[in-house]
Amino acid sequence: MSISEQYLISDPPAQSRLLVVDDNEMNRDMLSRRLIKRGHLVEVAVDGRDALNKLRAGAFDLVLLDIMMPEMDGFEVLETLKADPGLCHIPVVMISASEETASVVRCIELGADDYLPKPFNPVILKARVDASLEKKRLRDRERLYALSMERELEIGRKIQSSFFPERIPFSETLEIAAAFTPARQVAGDFYDAFALSDGRMALVVADVCDKGVGAALFMALFRTLIRAISGEQSVSNADTETVLLRTMELTNNYIAETHGSSNMFATVFFATIDPGSGHLAYVNGGHDSPLLIRRGEIVDRLAPTGPALGLLPGSNFTVAEMILEERDILLAYTDGVTEARGPGREFYGESRLVELVEHSWSSAAELVEALDGSVRAHIGETERSDDITILAVRTGSAAGKELR
């Protein structure tokens, strides 16, 4: 059963409250009496200003508004009402004489829902009022449902935010900084940084396909699997290569075999770093190649060593290794950075990224803040098309500052 169908079979609505606006006392009286006989609650306004005052003071379900009135006519009242965020949702039926067709058209263009010709025909009156009230009831229910969904998504956003590390681990020789901006209330990107039992630091940057609620649910699943499996392997004193490979293989197989019909996958960069020696080992599962920055220049790109996770069971992954020198910076990010669009739909792009990062950065946090700010400036007021995640790691004795 659809949501609309559920609403249609709900309890009958309470009495509707109507406002009749007409400067002619006879018209007000006649129209009010007919509406009251139909079971409606009716108030009257003698002119446009009186109408706006009453609309702002109380809640109404429908306004029947005369066009021709002194001082403030129906056009002005309608424009004012539709421009007010607190009143624009109230439906308006214009009251018009039969020769005012052009005026009625103008009112419809200004946002009126319908019109009621003079003299008042009881059948037409009932039909126009009932139709306008039913449309309002449906719109009200849609708004309530939208508000309910907003609340649910906000709860989801708060829960998802708890999946990110509350405090990023640190050591005297390793600084880690990160930034995350979701395209919607919940996201498919994630990053993680956590200490393994042998003192190595684990780093993850991942991008689940698609956006929104579905991607967020799988984000939680990928993140949990990677954390749980790598932790278990580390506790069992497995070597670096085993921890990386087993984590990627088991995560991949579980998603592909258990949730293959969902067609969900994630690109994942998963690495471990020894804070003492600078030894870096990683598996890149189809992710954008992180950049190794040394003395202000990009000296290496950590290319994929396997496919995205969740595509096919039994996929093969390999581990790559290197030694990070003192003051090296490793920068990992999701494609939301390079594919961020500005007002002219132009991508942020690889060239902007390279131009920004090829400098001598004093800290990982400084680089992350600069890149995040640059991408935000490029996007401006444009709606975000993808989640944006940035993670940087800097080695050296100047590291060790704890970051939120």
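User: Two strands pair if DSSP finds at least two bridges between them. In this predicted model, how many bridges join strand 11 to strand 14, and in which sense do they pair?
Analyst: Strand 11 covers residues 291-294, and strand 14 covers residues 329-333. The cut-off is at least two bridges. These strands pair over three bridges, and the sense is antiparallel.

User: Which residue in strand 14 is the bridge partner of Ile-293?
Analyst: Ile-293 falls within strand 11, residues 291-294. Its bridge partner in strand 14 is Ile-329.

User: Which strands stand at the edges of the sheet with antiparallel pairing?
Analyst: This open sheet of five strands has the order 6-15-14-11-12. An edge strand has a single partner, so one of its sides is left without a neighbour in the sheet. That applies to strand 6 (174-181) and strand 12 (297-301).

User: What is the strand order of the open sheet with parallel pairing, and why is one side of strand 2 left without a neighbour?
Analyst: The order is 2-1-3-4-5. Strand 2 (41-45) stands at an edge, as does strand 5 (114-118). One side of strand 2 is left without a neighbour in the sheet because strand 2 has a single partner strand.

User: What is the average twist from one strand to the next in that sheet?
Analyst: The sheet is open, with five strands in parallel pairing. From one strand to the next, its twist averages 20°.

User: Which residue in strand 4 stands opposite Asp-66?
Analyst: Strand 3 (residues 62-66) and strand 4 (residues 92-97) run parallel, joined by four bridges. Opposite Asp-66, in strand 4, stands Ile-95.

User: At what angle does helix 4 run to strand 4?
Analyst: Helix 4 spans residues 74-83 and packs on the sheet. It touches strand 3 and strand 4. Its direction makes an angle with that of strand 4 of about 170°.

User: How is the aromatic pair of Phe-269 and Tyr-282 classed?
Analyst: A search of the whole structure finds one aromatic pair. In it, Phe-269 and Tyr-282 lie 5.5 Å apart, centre to centre, with 40° between the planes. Under 30 degrees would count as stacked, and over 60 as edge-to-face. The pair is therefore tilted.

User: Are Phe-269 and Tyr-282 buried or exposed?
Analyst: Phe-269 sits in strand 9 and Tyr-282 in strand 10, 13 residues apart. The accessibility class of both residues is buried.

User: How far is Arg-106 from the ring centre of Phe-75?
Analyst: Arg-106 lies over the face of Phe-75. The distance to the ring centre is 4.0 Å.

Definitions and conventions:
Residues are numbered from 1 along each chain as its sequence is written. This is a predicted model: local features need pLDDT of at least 70, side-chain atom pairs count only at pLDDT 80 or more; totals for chains, interfaces and linings use all residues. Side-chain values use heavy atoms; hydrogens and water are left out. Helices (H or I, at least four residues) and strands (E, at least two) are DSSP runs, numbered from the N terminus. Axes are lines fitted to C-alpha atoms, for helices over the stretch in contact, and angles run from 0 to 180 degrees between N-to-C directions. Contact means heavy atoms within 4.5 Å. Rings of Phe, Tyr and Trp (its six-membered ring) pair if their centres lie within 6.5 Å; planes under 30 degrees apart count as stacked, over 60 as edge-to-face and the rest as tilted. Buried means under 20% relative accessible area, exposed over 50%, partly exposed in between (1.4 Å probe, protein chains only). A charge sits over a ring if NZ of Lys or CZ of Arg is within 6 Å of the ring centre and within 35 degrees of the ring normal.
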